[in-house]
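Reader: Could you give me a close look at one part of this model, and then set it in the context of the whole? I would enjoy one connected walk rather than a list.

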Amino acid sequence: MTPSQQSATSEERQFRLVKYFAYTSFIVLIIFSFPFSVLISRQAKEILMKNYENYALLLGQNLNYQVYQNFVVPAVMRFGAVSLVDKRQQERLDKIIKTTIHSLNIDLVNVYDIGEGVIAYSTNHRLLGKKVKDCPGYRQAIKGKESSGLIISGEDLFGLGIEGLGGEQKLRTFIAFRGIHPLTGQKSYVLGVFEIIQDLTREYQSIVRLQFLIFGLSILIMALIFVALLLIVRKAERTIGQRALRQRELESQLHHAEQLAALGQMVAGVSHEIRNPLGIIRSTAELLRGSADSDEVQKRLSGVIIEESSRLNNIVTEFLDYARPQVPKERACDLKEIIDRNLTFLEPELDRAGIHIVSHNLNGPLKIMADPDMLYRAFLNILMNAIHSLDRGGEINIGVWEERYYYVLRFEDTGSGINEEDLNRIFDPFFTTRDRGSGLGLSIVKNIIEGHEGSIWIESKEGVGTKVMVRLPRR
């Protein structure tokens, strides 16, 4: 593995760890957001209870004063003793208590007779005379201590001490009912017990809704953060992938360039050694064929030698052109003129093969900055391939279109086409589907087009024909 590949792999692993961290963090944050929202809601509930407890204590003190001063003292002075069996005393006490708690959020007030252990008075008349239910709050009130507790009728979610929506929540407060010294106003011994029940359902449900709102908002915010982080990670993965692909392409190009350099050195030496004797062989064959003493057999054999030496020279030239690609010598030229030169050169071959040329948009000038000789050779290779695919005549369509920044050329024939397997290898060096040839023609064409910062691609279907598309920048 190359250093660049190791670096890309290391970066991919790092971002994979970031992705796992994103998923894990999302799950952990969701888990911790629930107790966080519960903690906040519990603190809010405690504050609510404390406020209402203080409110109940103030109300208890007021009830203690109003009942003692306006009911107990007058009842003792008028009737000699307090007796709630007396309807007049009962109505008087009921009026005092209801006037005191009027417009306040009080659900129930009970007054306990600690001597007989019964409810002596209640704003709910059905509770009158019922026995006291012994509880810690009642016992502490008898001793002169106040206490409060929450009464919940709703369901506990999942056994976690979390109330769901619905149900009732009430605060019960026990307060000692004491006598008051008429001169000093100081409280004395315990006469009874006040039980004050406040309905906290609406306020409590608001806190429960706030709890679920906090939890929901926490999940939403974390989900948005998670999505943003995930998008960043995926973008980074794509960037790393593209960078790794680009590095592999550059390495492939570098490796290809190294191969070309080695091939160029080899071909330069071999071609030098081949061309000198090849020239001697060709010139000797030409002398033998032109000699007056040569018979027909010698002339025919000399012609074969000349033809094959020319073919061998062309192959050597292709090797040199591929191994040592030329840098385009750009100048102002016309694509139409270059294509016309190709067609003029190939006219005898086209007539012999019975091939018809159809042109599109080749009427006006098509100015471009390019090397006309190199483009001439590239187009010649493309047209020669089209001619070779048309064994029994046919048609070659040549068209040029102008795009925003490019010329697009199309060379389309009605020949035998190329199968899909060969089409994927058509630009590979030394690959050919013909018996004769080096297989470097289209590789050289590709180098020439790409040397002009253009692109080339081939579309073909076996038995239908082949379309060669060339895009060149307009400069």
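**Strands, a helix pair and a core**

Author: Happily, let us start at V358, which, once neighbours within four places in sequence are set aside, touches E395, I396, N397 and I398; contact here means heavy atoms within 4.5 Å. Before going further, please keep in mind that this is a predicted model, in which local features need pLDDT of at least 70, side-chain atom pairs count only at pLDDT 80 or more, and totals for chains, interfaces and linings use all residues. Residues are numbered from 1 along each chain as its sequence is written, and side-chain values use heavy atoms, with hydrogens and water left out.

V358 sits in strand β9, residues 355-360. Strands (E, at least two residues) and helices (H or I, at least four) are DSSP runs, numbered from the N terminus. V358 also has a partner far along the chain: E412 is 54 residues away in sequence, yet the two C-alpha atoms are 9.6 Å apart.

Another residue to visit is E402, in strand β11. Leaving out neighbours within four places, E402 contacts L366, Y407 and R474. The C-alpha atoms of E402 and R471 are 9.7 Å from each other, although 69 residues separate the two along the chain.

Now to the helices. Two packed helices are described by the angle between their axes and the distance between the axes. Here the pair is α7 (residues 372-389) and α9, whose axes come within 9 Å and cross at roughly 145°; the axes are lines fitted to C-alpha atoms, for helices over the stretch in contact, and angles run from 0 to 180 degrees between N-to-C directions. The crossing is left-handed, a term used if the near helix is turned anticlockwise from the far one by less than a right angle. On the α7 side, M374, L375, R377, A378, N381, I382 and N385 take part, and they meet G441, L442, I444, V445, I448 and I449 of α9. Sorted by character, the residues of this contact are 9 nonpolar, 3 polar and 1 charged. In that count, Ala, Val, Leu, Ile, Met, Phe, Trp, Tyr, Cys and Pro are nonpolar, Asp, Glu, Lys and Arg are charged, and the others, Gly among them, are polar.

Within α9, G441, L442, S443, I444, V445, I448 and I449 are buried, that is, under 20% relative accessible area, while exposed means over 50% and partly exposed lies in between (1.4 Å probe, protein chains only). After α9 comes E453, with a positive phi near 60°, although E453 is not a glycine. E453 belongs to the loop between α9 (441-451) and β13 (455-461), and it counts as exposed because its relative accessible area is 57%.

The helices lead us to the largest nonpolar core, which has 44 residues, with F379 and L409 making the most contacts inside it. Such a core is a set of buried Ala, Val, Leu, Ile, Met, Phe, Trp, Tyr and Cys residues joined through side-chain atoms within 4.5 Å. At least two residues apiece come from α6 (335-353), β10 (367-370), α7, β11 (394-402), β12 (406-413), α9, β13 and β14 (465-473). The top contributor is α7, with 10 residues. As for F379, beyond its neighbours within four places it is in contact with L335, I338, I339, N342, L409, F411 and L472. Apart from this core lies another, of 19 residues, including V67, I96, I106 and I180.

Stepping back, the protein has 9 helices and 14 strands. Of its 475 residues, 37% count as buried. Among contacts between residues at least 6 apart in sequence, 67% join residues at least 24 apart.

One last stop is S103, in the loop between α2 (87-100) and β1 (106-113). S103 has a positive phi, near 65°, in a residue other than glycine, and it counts as exposed because its relative accessibility is 68%.
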